[in-house]
Each structure stands twice: as C-alpha cells, then as structure tokens.
2 protein chains.
Amino acid sequence: MSESNLTIQDCPYFTVQKVLAGKWSLLILHFLSESTLRFNELQRKLDNLTHATLAKQLKQLEGFGLIIRKEYPQVPPKVEYSLSDLGRKLIPSLESIFVWGDEYLKYSVSKNKN
Amino acid sequence: MSESNLTIQDCPYFTVQKVLAGKWSLLILHFLSESTLRFNELQRKLDNLTHATLAKQLKQLEGFGLIIRKEYPQVPPKVEYSLSDLGRKLIPSLESIFVWGDEYLKYSVSKNKN
DNA sequence: CGGAATCCAGCAGGATACTG
DNA sequence: CAGTATCCTGCTGGATTCCG
C-alpha cells in the first residue's frame, strides 16, 4: 500500500547508486561487456574474490536485470553469464566513466596522494 | 614501500566504484553540477538526510578531490560547495548514466517489479 | 563446476547531542 | 549555520563448509 509517497529514493540518481553499489558490479559488467563468461572464468579475472562473494554479486546483478544467467543442464554443470539488453545499454556510459577513472588515477599519482 | 604489487584494486573500474560508492555521492554531484550550494541548501534537497550524514559524505567527496569546500569567515558561518575540475569532468558521463537510470525505472515499472 | 548455507567482522549510514 | 563527537545498527563482503 501507500504507493503514493514518491521520495528521492525513486529518482534515477538514487536508482543508479542502488543498482551499481555492489563492490564488484562495475568490474563484472565491464568484463561481461567484452564477452560472455562462465562462472570460473569470471572468478579468475577477479582474483581476490571467493566464489561465494562472486555468486552473491552475480545474483544481485541478475536480480536487477542487468545480467543473464544461462545454465546448461549437464554434468559437470556449466553456467554462462552475459549482459541483458538493459545491461548492454549501460555499457557506453560506464566506459566513459572508466575513462574518467583513468584520468583520476593519474591525477592522484601526480598529487602523490594515494 | 612495495609499490610494485599492482592489483585489480588499482584499475579505473575499481577506482570509480570506490570514489562513487557513497550512498549519496551521485546525488550530491548532480546537484552541485547545477549550481554551487550551501550546506543547508544541499541538505534541503536531500530531505531524509541528517546533517551529520551529509557532512560525512561531503568530506568524503572533498577528500577524493571531487568537490571544493569554500568557507566564508563570518558569523553566522557560510560554507559553499562546488565541483572541482575533476568533479566537473565526471558530470557528462554521470548524466548519461542517469538517463539510463530513467529507462531502468520505466522498465522496472513495466515489469511490475519494484 | 557452480552454488547455497552459515557465520563473522568491519564499516557506512543514521540518530542524537554538543560546539563555535 | 555548519559543523564535530559519540554511539548504535544493519548490511555487505568475505571465509569456510557443505551440496547436486
């Protein structure tokens, strides 16, 4: 009930923060934008990450509708992750933010500030 | 010491996540992109936010070098926040993400999924 | 191989109260 | 007006272990 109380939480700015808040979300989306990946392939690219954590992050992103989980019914199991249409639409903007991140890193270095 | 162990944490993807992780960062950056604002003005735009929380978020962003805090030595105090050059460079990318956020919200509604 | 179930620790965000 | 100082709480990420 009470659908009527539209708050700041419903605005796109906040929504984006919510959807991309996961510590590894950006990284995962980036890797999946390059190619569809199996669970373990993804994990290898995110080396410090335990599979439990990765699984949670993937579930989150899947829940938000950004990625698609495709399971092949076979033994041993094979699961592939890829971007949904929604996720794919996000990529160009993300890439442009990453370019900024690159500049930011250089700036930080030049400021001698970790 | 040991500057040599470059990890995934040093890549732009992860850096962006770190810098923008704050729950209100995106919102704050957006509002400041429209105009320089005083502390209270900003707080009014983020209605559910206590001043303590806002202060912390602002300190974060200032620490990352995204915003600039200008204090006018007078009574009562007056402090203005604005984007730094670094912060301003980020805005176009952010705006394009927000457009996506808008689409995302519509999509969510159409899926009847909050 | 991919994942679910627990458990745990850290920390970020928020509430409240005090300061110059 | 614009903060700090505490304190508290919930969540999120991570470690570990078990399952199909």
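Student: Which residue forms a salt bridge with Lys78(B)?
Tutor: In this predicted model, the partner of Lys78(B) is Glu80(B), and their closest N and O atoms are 3.9 Å apart.

Student: Is Lys78(B) buried or partly exposed?
Tutor: Lys78(B) is partly exposed, because its relative accessible area is 22% and buried would mean under 20%.

Student: How many salt bridges are there over all chains?
Tutor: The structure holds six. One of them joins Arg69(B) and Glu71(B), at 3.1 Å from N to O. Arg69(B) is partly exposed, at 35% relative accessibility.

Student: Which pair crosses between chains?
Tutor: Lys89(A) in helix 5 of chain A pairs with Glu103(B) in helix 5 of chain B. Their closest N and O atoms lie 3.4 Å apart. Lys89(A) is partly exposed at 47%, and Glu103(B) is partly exposed at 33%.

Student: Turning to the DNA, how many residues surround strand C?
Tutor: There are 23 residues around DNA strand C, and the closest include Phe39(A), Arg69(A) and Lys56(B). Of the strand's atoms that come within 4 Å of the protein, 64% belong to sugar and phosphate.

Student: What does Lys56(B) reach there?
Tutor: A polar side-chain atom of Lys56(B) lies 2.7 Å from a base oxygen of DNA strand C. His51(A) also has a side-chain N or O atom 3.0 Å from a base oxygen, whereas Asn40(A) places a polar side-chain atom 3.0 Å from a phosphate oxygen.

Student: Which element gives the largest share of that surface?
Tutor: Helix 4 of chain B does, with six residues. The surface as a whole divides into 10 nonpolar, eight polar and five charged residues.

Key: Residues numbered from 1 in each chain as written. Chains lettered and ligands numbered in written order. Predicted model: local features only at pLDDT ≥ 70, side-chain atom pairs only at ≥ 80, totals over all residues. Heavy atoms only, no water. Near = heavy atom within 4 Å. Polar contact = N/O pair within 3.5 Å; in protein donor to acceptor, adjacent residues only side chain to side chain. Helix = DSSP H or I, 4+ residues; strand = E, 2+ residues; numbered from the N terminus. Nonpolar A, V, L, I, M, F, W, Y, C, P; charged D, E, K, R; others polar. Salt bridge = Lys/Arg side-chain N within 4 Å of Asp/Glu carboxyl O. Buried < 20%, exposed > 50% of the residue type's maximum accessible area, 1.4 Å probe, protein only.
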